[in-house]
Amino acid sequence: MELVRVTFTTMAVLALLVALVFPAAINAQSPEPAMAPSSDGVAIDQGIAYVLMLAALVLTYIIH
């Protein structure tokens, strides 16, 4: 079995020709727009802050 060697330039030219001949195959589907976030980051940050404050309160109560 004989191994066929192909140069980088040959592959680059072949890829360019395929990209020019079949542009629909490259961009077959356009992505859908992303959904709007259901909650903003402020609500999440506020929830984390409340949990941390509650943990600090419990820790302070346990220590004293």
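pLDDT is the predictor's confidence in each residue, from 0 to 100. The model described here is predicted. Across the protein chain, the mean pLDDT is 79. A score of 70 or more is reached by 78% of the residues. Confidence varies along the chain. Helix α3, residues 41-63, has the highest mean, at 90. Helix α2, residues 23-26, has the lowest, at 60.

The fold consists of 3 helices and 0 strands. Read from the N terminus, the order of elements is α-α-α. Helix α1 covers residues 8-21.

Helix α3 was examined for length. It holds 23 residues, and at 1.5 Å a residue these should span 33 Å. The end C-alpha atoms of α3 are 33 Å apart, so the expected and modelled spans agree. Helix α3 is also hardly covered, with 0 buried residues among its 23. An unreviewed UniProt entry lists residues 44-63 as a "transmembrane region". This span is 100% helix and 0% strand. Its end C-alpha atoms lie 29 Å apart.

Burial was then considered for the whole chain. Of its 64 residues, 0% count as buried. The exposed area of the protein chain is about 6,600 Å². Carbon and sulfur atoms supply 72% of that area.

A nonpolar patch of about 910 Å² lies on the surface. Val4, Val6, Met11, Leu14, Leu16, Val18, Leu20, Val21 and Phe22 make up this patch. One of these residues, Val6, sits in the segment before α1. Val6 has a relative accessibility of 48%. Partly exposed residues fall between 20% and 50%, so Val6 counts as partly exposed.

Note on methods
Residues numbered from 1 in each chain as written. Predicted model: local features only at pLDDT ≥ 70, side-chain atom pairs only at ≥ 80, totals over all residues. Heavy atoms only, no water. UniProt positions renumbered as here; feature names shortened; annotations may be inferred. Helix = DSSP H or I, 4+ residues; strand = E, 2+ residues; numbered from the N terminus. Patch = residues over 30% accessible without salt bridge, like charges linked within 9 Å, V, L, I, M, F, W, Y side chains within 5 Å. Areas by Shrake-Rupley, 256 points an atom, 1.4 Å probe, with all protein chains shown as cover. Salt bridge = Lys/Arg side-chain N within 4 Å of Asp/Glu carboxyl O. Buried < 20%, exposed > 50% of the residue type's maximum accessible area, 1.4 Å probe, protein only. Expected span 1.5 Å × (residues − 1).
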